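Hi,

Here is the structure I said I would send over. Have a look at it first, and my notes on what turned up follow right below.

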Amino acid sequence: MREENLFHIIVISLLLPLLTCCQDVPENAFPEERDCSVHPVGVHLDITMSVPKEGIPQYEQVHELRIVVVDKESGVVDMNEVIVSPELDALKEEVKGETNNKYVYKIRKQVSATVGTKYVYALANAERLMTDKAKSGSGPEVMAALDAIELKGKISKGENVPVASVRYEVQPKEDTGTGGIFVMKTDIAMAYAAVKFTLSYNNKLGGDGSTTTAQKISIVHWSVDKVSDNSYLIPRMAPDAWKKLEELAGSVFNEGEGEWIYEYKLPEGSKHDLHTEEYKDVIALEPGATCQDKDIYYLHESRNLIAEEKSGENDDEEERQEYRLTLGVKEVSAKETDAPIILGPVTLPNLQSLVRGTHVAIEANIKNLPAAGDNTLSVRVVTWIRPEDSIGGSWDVVEGDK
C-alpha cells in the first residue's frame, strides 16, 4: 500500500494495570475472558499527510479532527473528542526515490476504558455536520448518528472538505513484553468525502486540423452529466472495496490489474443530474493560448449507472458508470446577450467510477467552432494528493460528439 496518498492514523492504547473492578454487572453479561475493569488508557494518534503543508489547498487541510471509540460489547463510549488544530510535526521520507516532506499530526490523550473489541471512527473537517447525538449520545446512538450523516446539495468552495474513515473493529492484545499491558494498535485510513475536478483549456483555433480562423474566445461555463446531489460522510463500502481503496491510496484505479471500485452506496433517494459551473469572470483565451482554471471543484461521490450490452455473456446487458462533459464557449465578436456555443457533450474516458477521493483532471482542446466533431478532450484520472501520478501513464483523447 502506498501510504503517501491517504491520511493514516495509528491508534495505540495502553491499558495499564487495573484500578477498579466492575460493580453490579449481571452474571454472564460479558464473555469469561473479557476484562471488564476500567483502566486508564493512553491513546497515541499519529495522522500523516505526505505532501508539504504549503502544497495542500486550504480547504483540504485538517483543521479539526474527531476520534470516536465505542466498546463493541457494552456500547460504552470510551472516547468522542474533537481536536482543533492538532500539533503538527514534520519528517522526511523517500517517495519514488525522491525526498518528500511528510507532516504528522500527533495527538496524546488518556481516557478510561475496558479491555475488549472497540469500534473506531476517524473524521476531520466535519464538525458543522455533527448532530448532538453524534457528539454525546450513547454508543449505539453515536454510531447510528455518524452513519446517517449526509452531505447534501452543492459542496461549497468556501468550506473545508470533510474526510472520514469507515468504522474499524480493533481488538486490544496483551503485550507480554511490557508486563501484561494491553495494547490496541491499528492503522486507520481516511479518504476525502468528495471527488475533485480541475480543468484547463487550449485555444487551438486556426492551428493544425482546424477549419476555423484563429480568434479569441471565452469559456463561459462547463457541465458534468450526471453527478449525485447527495452522499454519505462515513463511507458505505463493502470491506473489500474499502481495502482496495486504501491499497490504491486514492488513485482509484489499479493500472496493473485494471480494477475500478464500484462497491459503494449513496443515500436512498439521491438524484443524479447535470452539474454546471458558470464562470462569473469568463476565461478569455487568445489564439494558441492555454489557461488553467484556478478554482478547484468538489463534487459528491456518484454512481451514474447506464445499461450496456454485454459481449459474450449470458446476460443481455449490465450496468456501468458514465460521465459526460459539456462546454459553453463564446467568440470574441459575440454580444453579452448572445447564447454561448455548446461543445459536447463528450464522454469522459478512463473514468469508470466516481468513488470518493477521485481527482479528475480535464484538458479541453478547442479546434473548431461549432464543434463538428473536431474538438478533443484530453482526460486523465489522477491521485488526489500527487497529481503527477497519472493512471495509465498518459492522457486519453476523445473526439467531440457535436
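Strands β13 and β17 (residues 290-292) run antiparallel and are joined by 3 bridges. On the β17 side, Cys-291 is the bridge partner of Tyr-201. β13 has further partners: with β18 there are again 3 bridges in the antiparallel sense, and there Phe-197 is matched with Tyr-297. With β23 (residues 359-366) the direction is parallel, over 8 bridges, and Ser-200 has Glu-363 as its bridge partner. Before you read on, please keep in mind that this is a predicted model.

How many of the residues of β13 (residues 195-203) are buried? The count is 9 of 9. That holds for both faces: Val-195, Phe-197, Leu-199, Tyr-201 and Asn-203 are buried on one side, and Lys-196, Thr-198, Ser-200 and Asn-202 are buried on the other.

Lys-196 may catch your eye if you care about charges. This lysine sits in β13 and counts as buried because its relative accessibility is 5%, where the cut-off is under 20%. Its side chain has a polar contact of 3.1 Å with the side chain of Glu-60.

Now the packing. In general, nonpolar side chains of soluble globular proteins tend to be buried together. Here the largest nonpolar core has 29 residues, and those touching the most other members are Phe-197, Tyr-201, Trp-222, Leu-325, Leu-327 and Ile-366. Two or more residues each come from β13, β14, β16, β18, β21, β22 and β23. β14 gives the largest share, with 5 residues.

Trp-222 is a good place to start browsing. Beyond its neighbours within four places in sequence, Trp-222 is in contact with a list of residues that includes Phe-197, Leu-199, Tyr-201, Tyr-297, Leu-325 and Leu-327. Polar residues are on that list too, among them His-275, Thr-276, Glu-277 and Asp-293. There is also a second, separate core of 28 residues, with Val-69, Val-161, Tyr-168 and Ile-188 among its members.

Some of those core strands also form a sheet of their own. It is an open sheet of 4 strands in the order β16-β14-β21-β22, with antiparallel pairing. β16 (272-285) and β22 (341-347) each have a single partner strand, so they stand at the edges with one side left without a neighbour in the sheet. Ignoring direction, neighbouring strands in this sheet are turned by 20° against each other on average. In the middle of that order, β14 (residues 217-228) and β21 (residues 324-331) pair over 8 bridges in the antiparallel sense, and Val-329 of β21 is the bridge partner of Ile-219.

Two more residues are worth a click. The first is His-300, in the loop between β18 (297-299) and β19 (305-309). Buried or exposed? His-300 counts as buried because its relative accessibility is 4%. A polar atom of its side chain lies 2.5 Å from the backbone oxygen of Gly-153. Leaving aside neighbours within four places in sequence, His-300 is also in contact with residues including Leu-151, Lys-152, Ile-155 and Val-195, as well as Ser-228, Asp-229, Asn-230 and Ser-231.

The other is Gln-321, in strand β20 (residues 317-321). Gln-321 is buried, with 5% relative accessible area. Its side chain makes a polar contact of 2.6 Å with the side chain of Tyr-323, and a polar atom of the Gln-321 side chain lies 3.4 Å from the backbone nitrogen of Leu-354. Gln-321 and Leu-354 are 33 residues apart in sequence, with their C-alpha atoms 8.2 Å apart. Not counting residues up to four places away in sequence, Gln-321 also touches Tyr-262, Tyr-264, Ser-302, Arg-303 and Asn-304, among others.

Finally, some totals for the whole chain. The protein chain has 3 helices and 25 strands, and 51% of its 402 residues count as buried. Of the contacts between residues at least 6 apart in sequence, 74% join residues at least 24 apart. The accessible surface is about 19200 Å², with 46% of it belonging to carbon and sulfur atoms.

Cheers

Methods: Residues numbered from 1 in each chain as written. Predicted model: local features only at pLDDT ≥ 70, side-chain atom pairs only at ≥ 80, totals over all residues. Heavy atoms only, no water. Buried < 20%, exposed > 50% of the residue type's maximum accessible area, 1.4 Å probe, protein only. Contact = heavy atoms within 4.5 Å. Areas by Shrake-Rupley, 256 points an atom, 1.4 Å probe, with all protein chains shown as cover. Polar contact = N/O pair within 3.5 Å; in protein donor to acceptor, adjacent residues only side chain to side chain. Pairing = 2+ DSSP bridges. Axes fitted to C-alpha atoms, helices over the stretch in contact; angles between N-to-C directions. Core = buried A, V, L, I, M, F, W, Y, C linked by side-chain atoms within 4.5 Å.
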